[in-house]
Each structure stands twice: as structure tokens, then as C-alpha cells.
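Subject: Structure for you to look at

Dear colleague,

I am handing over the structure we spoke about, and below it you will find my notes on what was found. Please read them with the structure open beside you.

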Amino acid sequence: MPKANETVLEIDLRALTHNFNYLTSKLQSNTKFLAVVKAFAYGSDAVEIANHLEKLEVDYFAVAYTREGVLLRDAGITTPILVLHPQPINFETIIERCLEPSIYNAKVLNEFIAVAEQQKQKDYPVHIKFNTGLNRLGFWENDVDYIVSKLKATSAIVAKSLFSHLAASEDPNETEFSNRQINSFKATAKEFEVKMAYKPWLHLCNTSGVINYPEGHLDMVRCGIGLYGFGNSASEDNNLKPIASLKSVISQIHMIEKGETVGYNRAYTSKGFEKTATIPIGHADGLGRHYGNENGFVFINGNKAPIIGNVCMDMIMVNITDIECKEGDEVILFDAEKKASTLAESSGTISYEILTAISQRIKRKIISS
Ligand SMILES: *Cc1c(COP(=O)(O)O)cnc(C)c1O
């Protein structure tokens with residue numbers, strides 16, 4: 001791999017293939033795989049990731065918002081796309097672009113039926129979301145009669161799947177709660193099947209659900225973070241490969257005397273004769289201010305260099321007093337070994353946030369061989 005000479009997010013499609021194969025190896029052969037590619041495929045590149053997963057014959061995609069689905073359709077993605085969190089204002093676009101909405105409450109159900117009927121749709125696929133304890137989106141279990149009455153009264157839409165979402169699938173202390181969610185979802189689905197006299201697909205598990213709750217795999221699973229190389233535990237992290245590496249370069253080195261200060265608001269004071277490096281990545285790139293003041297760090301020539309002072313919009317300064325390096329040397333924020341999750345934890349956050357924060361102005365470089 002040539003060394004980075006500007007700030008770049010490298011995306012390794014070979015690691016994506018590995019993660020896809022690892023996650024699907026956990027499934028029974030008839031369980032379908034939905035890849036969650038919301039938020040630019042967790043901060044990487046939604047189109048590149050979706051294209052690659054299409055080649056691997058993924059069954060479904062999911063995005064959060066309608067315009068994320070439109071982006072994939074514009075790029076030529078033809079696999080079905082579930083929109084997890086659509087708004088009624090986008091329902092015409094959803095139909096026009098062959099996107100499939102999550103129907104999470106009565107307002108959304110009624111408004112989607114109205115648009116589908118007005119457009120003379122027949123059996124337009126929708127996905128009914130049930131709330132089993134996350135208390136975020138979804139119908140209540142006792143809404144089944146209402147949903148069934150609405151579905152029976154129209155031929156414009158059909159419930160292709162029923163789904164729910166686990167609140168704490170990665171937490172070994174919450175197995176009782178997760179099992180309760182799984183059982184209550186299965187009971188709701190059963191009731192729906194009896195009343196509608198057909199079986200929609202059922203899906204419930206995210207990445208940690210796939211790993212920890214085989215009895216919850218049902219007809220399809222929905223994986224995001226695992227595809228991108230993180231398993232929400234040390235042991236599962238070892239089975240997965242991070243696909244994204246965030247690299248940069250030393251722009252300038254400063255030698256400063258004891259007592260001098262570094263950066264905005266003079267937040268860092270030198271403890272002696274020190275050496276600092278300025279690196280072109282800042283909070284506008286997704287490296288938030290919480291990484292400043294020696295919470296976060298970078299790696300230069302294998303050595304850890306803490307971020308000193310406040311994170312600026314377009315740059316950070318790091319302490320390289322004991323590190324042999326020069327202007328133009330490569331800087332690693334995270335890669336396959338120096339994990340993004342470790343950097344995230346340095347400032348009280350999680351892999352999901354650091355990955356999805358990486359801003360669109362950072363160049364993406366796709367590695368496929
Ligand atoms: C984001 C999301 C997922 C993916 O979760 P991971 O933990 O990243 O695998 C699955 N289902 C829903 C409803 C989501 O919002």
C-alpha cells in the first residue's frame with residue numbers, strides 16, 4: 001500500500017467480502033441477508049459498497065432516509081431497498097424510485113395507502129415495523145387488528161415483511177430483555193399471519209443479533225456494523241476486518257519552548273521544549289472536538305501521538321516530542337489494526353459514530369485487490 005500523502009479514507013472491498021462471508025456463515029441457508037447501507041454505508045461510500053454487495057448477491061438493502069435510496073437508484077442499484085425511516089412528503093418519490101417504505105404508525109400507513117391508491121398501484125411492497133421495546137419507531141403489538149383491517153381494505157399495498165429491532169443485542173446483561181423482544185415479535189407475527197392468512201417475511205436481528213440470537217434470525221437479518229468490520233465485542237472484532245482506514249499526513253512540524261501554547265483558546269501549554277505536528281483533518285471532517293485535549297490520538301511511524309489543544313475545523317495538532325518523523329510522513333487515525341473503535345472509546349463514543357461522522361469532503365480511495 002503506498003503511503004498516504006493527503007487525508008484519505010481507504011475502503012477495502014476485500015475486507016467487505018470477508019465480513020459478508022463471515023456473517024452469512026452464521027445463517028441458515030434460507031435466511032436472507034439485508035445490508036444496511038445508511039449514512040453513506042457507515043461513513044464509507046454507499047454506492048461502492050452497494051455495488052460490491054450486489055456482486056456478492058445480497059438480498060436487500062436498507063437506508064434510513066428516502067434520499068439515500070434515491071442516491072443508490074441513481075447509481076444503478078437494482079436490488080430492493082427498504083427505507084427504514086421515511087416521511088409522507090417523500091411517498092411519491094418512494095414509489096417512483098421503487099423504494100420500499102417501513103410503515104411504522106397509523107399516519108404513515110394511511111398516507112402511504114392514499115398515495116399508492118392514487119397512483120393505481122397493485123400490491124406495492126411495504127414493511128410493517130413493530131415496537132417490541134426499543135420505543136423508537138413502530139406499531140404496538142395490539143395494533144394488529146387495525147393494520148389488518150387497513151390492509152384488507154386495499155389492494156394497493158402488500159405487507160412484504162414484518163420487522164422489529166432489538167434494543168440491546170450486543171449486551172450480555174440484557175439477554176432476558178432481548179429474548180422477550182424476540183418472543184413478543186414472534187407472537188405478533190403469528191397473530192398477523194392468522195388474521196391475514198399469509199406469511200410475510202419476518203426480520204429482527206442486526207449484527208449483534210445475528211451473532212448472539214440464532215433463534216431470532218427468522219427469514220432475514222439486517223446487518224450494518226458487522227459488514228464494516230466491527231462486532232461490538234473484542235472476540236467478534238477478531239472475526240471481522242475493518243474496511244475503512246483513515247489516513248493523513250504531517251503538514252508542518254513546530255518546535256516550541258516550555259510555556260508556549262498551542263491552538264485556539266491556548267488550550268494546550270507546552271511542558272518543556274516540545275515538538276508538534278499539524279495534520280489536515282478537523283471537526284469539519286468528522287473528528288469532533290471531544291477528541292481534543294489529549295483524549296484522541298493518531299499514529300505516526302508506529303508511535304502514538306496525542307491530539308493537543310482544541311480540534312480546529314480543518315486541522316489538529318499532535319505531540320510528537322518523542323517521535324522520529326518529518327513533514328510529509330504518513331499519519332494513521334485508524335486502520336485494520338489500529339481500530340476506529342479504540343479511538344472512539346478514547347472520547348466516550350462508539351465505532352458507529354466515528355465511522356458515520358467521516359465527512360464527505362474526505363477523499364475516498366477504493367481498494368479491491
Ligand atoms: C441501523 C439499523 C440496523 C443495523 O444495525 P447494526 O448494529 O449496524 O448491524 C438494523 N436495523 C435497523 C432498524 C437499523 O436502524
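**Helix packing and the strands beside it**

Helix α6 (residues 106-118) packs against helix α7 (residues 144-152) at an angle of about 5 degrees, and the axes of the two helices lie 11 Å apart. Because angles under 35 degrees count as roughly parallel, α6 is described as roughly parallel to α7. On the α6 side the contact is made by Ala-106, Leu-109, Asn-110 and Ile-113, while α7 contributes Tyr-146, Ile-147 and Lys-150. Please keep in mind throughout that this is a predicted model.

Helix α6 also belongs to a crossover between two strands, in which the chain leaves β5, passes through α6 and arrives at β6, and this β-α-β crossover is right-handed. The strands at its two ends, β5 and β6 (residues 124-129), run parallel and are joined by two bridges. In this pairing Ser-102 has His-127 of β6 as its bridge partner.

On the other pairing of β5, strand β4 (residues 81-83) is again parallel to it, here over three bridges, and Val-83 has Pro-101 of β5 as its bridge partner. Together with helix α5 (residues 91-96), strands β4 and β5 make up a right-handed β-α-β unit.

How many of the five residues of strand β5 are buried? Five of the five residues in β5 (residues 99-103) are buried, so the strand is largely enclosed by the rest of the structure. In a regular strand, side chains alternate between the two faces of the sheet. In β5 both faces are covered, with Leu-99, Pro-101 and Ile-103 buried on one side and Glu-100 and Ser-102 buried on the other.

**Cysteines**

You may also wish to know about disulfides, and a search of the whole structure finds zero of them. Cys-312 is in no disulfide, and the nearest cysteine sulfur to it, which belongs to Cys-325, is 18 Å away. Because a disulfide requires a pair of cysteine sulfur atoms within 2.5 Å, the 18 Å from Cys-325 to its nearest cysteine sulfur, that of Cys-312, leaves Cys-325 in no disulfide either. As for the surroundings of these residues, Cys-312 is buried, with a relative accessible area of 10%, and Cys-325 likewise counts as buried, at 14% relative accessibility. Both values are to be read against the cut-off for buried, which is under 20% relative accessible area.

With best wishes

Conventions:
Residues are numbered from 1 along each chain as its sequence is written. This is a predicted model: local features need pLDDT of at least 70, side-chain atom pairs count only at pLDDT 80 or more; totals for chains, interfaces and linings use all residues. Side-chain values use heavy atoms; hydrogens and water are left out. Buried means under 20% relative accessible area, exposed over 50%, partly exposed in between (1.4 Å probe, protein chains only). Helices (H or I, at least four residues) and strands (E, at least two) are DSSP runs, numbered from the N terminus. Two strands pair if DSSP finds at least two bridges between them. A crossover is right-handed if, with the strands pointing away from the viewer, the path from the first strand over the helix to the second runs clockwise. Axes are lines fitted to C-alpha atoms, for helices over the stretch in contact, and angles run from 0 to 180 degrees between N-to-C directions. Angles under 35 degrees count as roughly parallel, over 145 as roughly antiparallel, 65 to 115 as roughly perpendicular and the rest as oblique. Contact means heavy atoms within 4.5 Å.
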